[in-house]
Amino acid sequence: MQHTKQNSLTAFFEPRSVAIIGASATPGKAGYEAIRNVQANGYAGKIYPVNPKGGEILGLPVTSSISALPAGVDLAVIILPAEATPKALRECTARGIRHAALMAGGFAEVDEAGAKLQEELMTVIRETGVRVLGPNISGHTSTPHGYTSAFFPLGKIRRGNVSVIAQTGNFATHTMRSITTGEHFGVCRVIGLGNKVDIDETEALEYLADDPETKAIVIYLESFKRPKRFLEVAREVTRRKPIVMLKSGSTEAGKQAAVAHTAAMASEDRLVDGLLRQAGIVRIWEYSHLVLALKALSMLPLPKGNRVSFLAPSGAMLVTYTDFCARLGLEVPAVGPETVARLQEISPPYIRMRNPVDIWASANVRGVEFAYREGMEAVLKDANIDAVVPVMMLTRQIGQPSFEFILDLAKKYPGKPVLVSFSGDKDCAEECKAYLEPRGVPTFLEIEQAFEALSILVRCRKAMDRPR
Amino acid sequence: MNPLDEALGKGQSALNEYQAKQVLAGFGVPTCREALARDPEQAVAEAARIGFPVVLKAAGATLLHKTEVGGVALNLKSPAEVKEQASRLLKIPGCETLLVQEMIQGDRELVCGLTRDAQFGPCVMFGLGGVLTEVLGDTVFRVAPLTLADAAEMMGEIRGVKFLGPFRGQQPADKAALAKILVALGAIALQHEAIRAIDLNPVKIRPDGSLVAVDALISLSSTVAAKR
């Protein structure tokens, strides 16, 4: 029996029923936290905890064996040691389960014995056609369906429109935790790949490409399973949905001696770089930029181009961040004469106003709110500007402005990303973040991050519009 | 028999420069005018036919990096110079024959190449050529097959992109022709599995912007060759 690929993966993200093999009644254990996570996310389908001890876990009756499960459960989440996983997978297929997420580590990534267990998994997959995520994953998530298989205590995961493919457990564990606790954006699907015995990055990407809930895709990858096929798929997807990738392991170590110069130059990373550019994928290099990319793609439109205006209360910042923009491929162009005239109007005459905007004097004389509101609007209006970064000067002494004007401006100019950053009292910045972000305007506590986030969006735009 | 089949038949691990250029020219890659010569007298005759000044190179199946063994004589302006250099080159170990080439003007050198990766398949390289290839490593790659747009993007990605523009009174490089070379390299590799790597180094940019490959190397995969 062969499902189409799309249907086949859909059950992972919209399961009507889930069996948790290896459920536990002990708080802190993976088999317990997995159930708590599903419940915390408001999953509306049926949950069948399976444990030979029976009884009840978190209010759910426990089924004592896989064979005792009702027939045709959509998805099995197998949270058993590696040694027990192949057998459990086979038993699941015998109960008509066609999809399984395998959590255990200890397969080919560890030793010979593990490699043998992985072979056993592949035999079950080959013989039964069961679709498998993992093994060696820490879960997958689907917020539109209120579902997660993650076993790391996460609580409610906010819903968003950007999905993640990760060849690491971090996105179902502590990285997700930093997002849920430190940020205000949500995620759509999160797909842990693990050892990729069945579903690989290409198939995951194909699913997300056709997923109406997914607007953009962020990928962390350590190795390609089918690079040529991945390229074929990705180069079409990036014309509709931005893809950002952190590809790790990018050193010259893989370089081999060869007769031809071309072969000697062809370290794996140079090939990867070429492939990603060819595919229109925006490559990032820092782990923290994964979260930055998620934030930017979740909360902002793609700018039309790379022309940025920023407002800062310091000449040093104007110079430094203009240089920084140049390094990031962002242009800080001159603004039109009307814009210059308006900027000059809001400022004392002893400051020469232009882009970037020196807002210090205006903020001091006319007040922080007036200066930033009028200054931001002037540059947002300008046809030469694609995005605006206000570096807000906030301190208790000079008085906190109402931040509503930032929301109003972002709404009034919906095609132009507004990325807010700060200089001044840390707690004022935190307050501003807490006000703006739940209302849809992203803030960045480090000024550099605002520009880095913008540059990711600019690169996504360029990739999307690239010539065929 | 075409040079590729001939080389494979003989179990060669690479095509010599002359053979390589024949294969490449068949795919539309612009190559310099050249002729083989067995001895100094024939070299002089070919030089006269091509027109002075000429370049004289030692050629042989095992002579992959000729410059390193002094196997290249540039800018020979007279029959006497050709004769003298021909005699010298023929004494280099591995030198089987001589290659007489037109001397191409222009001091901008590019590299176009191809390598076959176990996972990625044939990959095309572009960058700064000549000695700069090794010194700067200013090269970029694409996975074959390439579109013309892929090739155009590669040109924009090297750090030395200014080399391709107007340069010290010389015309900008013919980017359309360059794109065709890069696309052709991918196509050659997809068509001929036995080709393991190709180096066109240098591809010279003439003062009028036109391009010509003045050196070429095609290395072959012994395993694929053995199967034939």
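In the predicted model, the side chains of A:Asp200 and A:Arg226 meet in a salt bridge, with a nitrogen-to-oxygen distance of 2.7 Å. This pair links distant parts of the chain, since A:Asp200 belongs to the loop between β11 (189-192) and α6 (201-209) of chain A, whereas A:Arg226 belongs to the loop between β12 (216-221) and α7 (227-237) of chain A, 26 residues apart. The two partners can also be described by their accessibility: A:Asp200 counts as buried, at 2% relative accessibility, while A:Arg226 is partly exposed, with a relative accessible area of 30%.

A salt bridge is likewise formed by A:Arg229 and A:Glu206, whose closest N and O atoms are 2.8 Å apart. Because A:Arg229 lies in helix α7 of chain A and A:Glu206 in helix α6 of chain A, the pair ties together parts that are 23 residues apart in sequence. A:Arg229 is partly exposed, its relative accessible area being 33%, and A:Glu206 counts as buried at 18% relative accessibility, a value that falls under the 20% limit for that class. Beyond such pairs, salt bridges that share partners join A:Asp269, A:Asp273, A:Arg277, A:Arg283, B:Arg142, B:Glu153 and B:Glu157 into one network.

A salt bridge within a helix is given by A:Lys87 and A:Glu91, with a distance of 3.0 Å from N to O. These residues are 4 positions apart in helix α3 (residues 85-94) of chain A, so that about one helical turn separates them. A:Lys87 counts as exposed, at 57% relative accessibility, and A:Glu91 is partly exposed, with a relative accessible area of 31%. Over all chains, the structure holds 41 salt bridges.

A further acidic residue of chain A, A:Asp386, is found in the loop between α14 (368-381) and β17 (387-394) of chain A, and at 6% relative accessibility A:Asp386 counts as buried. A polar atom of the side chain of A:Asp386 lies 3.3 Å from the backbone nitrogen of A:Asn306. When neighbours within four places in sequence are left aside, the residues in contact with A:Asp386 are A:Pro303, A:Lys304, A:Gly305, A:Asn306 and A:Arg307, together with A:Gly415, A:Lys416 and A:Pro417.

Between the two chains, the contact takes 30 residues from chain B and 23 residues from chain A. The area buried between chain B and chain A is about 2300 Å², with 60% of it on carbon and sulfur atoms. Of the area that chain B buries against chain A, B:Gln119, B:Phe120 and B:Phe141 supply 27%, which is more than any other three residues. The count between chain B and chain A is 2 salt bridges; B:Asp150 forms a salt bridge with A:Arg235, in which the closest N and O atoms are 3.1 Å apart. Across this interface, 7 residue pairs are in polar contact, both residues being at pLDDT 80 or more. On the side of chain B that touches chain A, the elements that give two or more residues are the strands β6 (108-117), β7 (121-128), β8 (139-143) and β9 (195-205) and the helices α5 (131-136) and α6 (148-157) of chain B. The residues of that side divide into 13 nonpolar, 10 polar and 7 charged.

Within chain B, the division is into domain 1 (3-30 + 106-227) and domain 2 (34-102), and the centres of these domains, taken over C-alpha atoms, are separated by 23 Å. Their contact takes 10 residues from domain 1 of chain B and 11 residues from domain 2 of chain B. The area buried between the two domains is about 850 Å², of which carbon and sulfur atoms give 54%. In domain 1 of chain B, the residues that lose the most area to domain 2 of chain B are B:Asn16, B:Glu17 and B:Tyr18, which together account for 50% of what that side buries.

Across the interface of domain 1 of chain B and domain 2 of chain B, 4 salt bridges are found. The side chains of B:Lys66 and B:Glu17 meet in a salt bridge, at 3.0 Å from N to O. The polar contacts across the domain interface comprise 6 residue pairs, again with both residues at pLDDT 80 or more. Helix α2 (residues 17-26) of chain B gives the most to the side of domain 1 of chain B that touches domain 2 of chain B, contributing 3 residues. The residues of that side divide into 4 nonpolar, 2 polar and 4 charged.

How values were computed
Residues numbered from 1 in each chain as written. Chains lettered and ligands numbered in written order. Predicted model: local features only at pLDDT ≥ 70, side-chain atom pairs only at ≥ 80, totals over all residues. Heavy atoms only, no water. Contact = heavy atoms within 4.5 Å. Buried area = accessible area lost by both parts, 1.4 Å probe. Polar contact = N/O pair within 3.5 Å; in protein donor to acceptor, adjacent residues only side chain to side chain. Nonpolar A, V, L, I, M, F, W, Y, C, P; charged D, E, K, R; others polar. Buried < 20%, exposed > 50% of the residue type's maximum accessible area, 1.4 Å probe, protein only. Domains from an automatic or database assignment.
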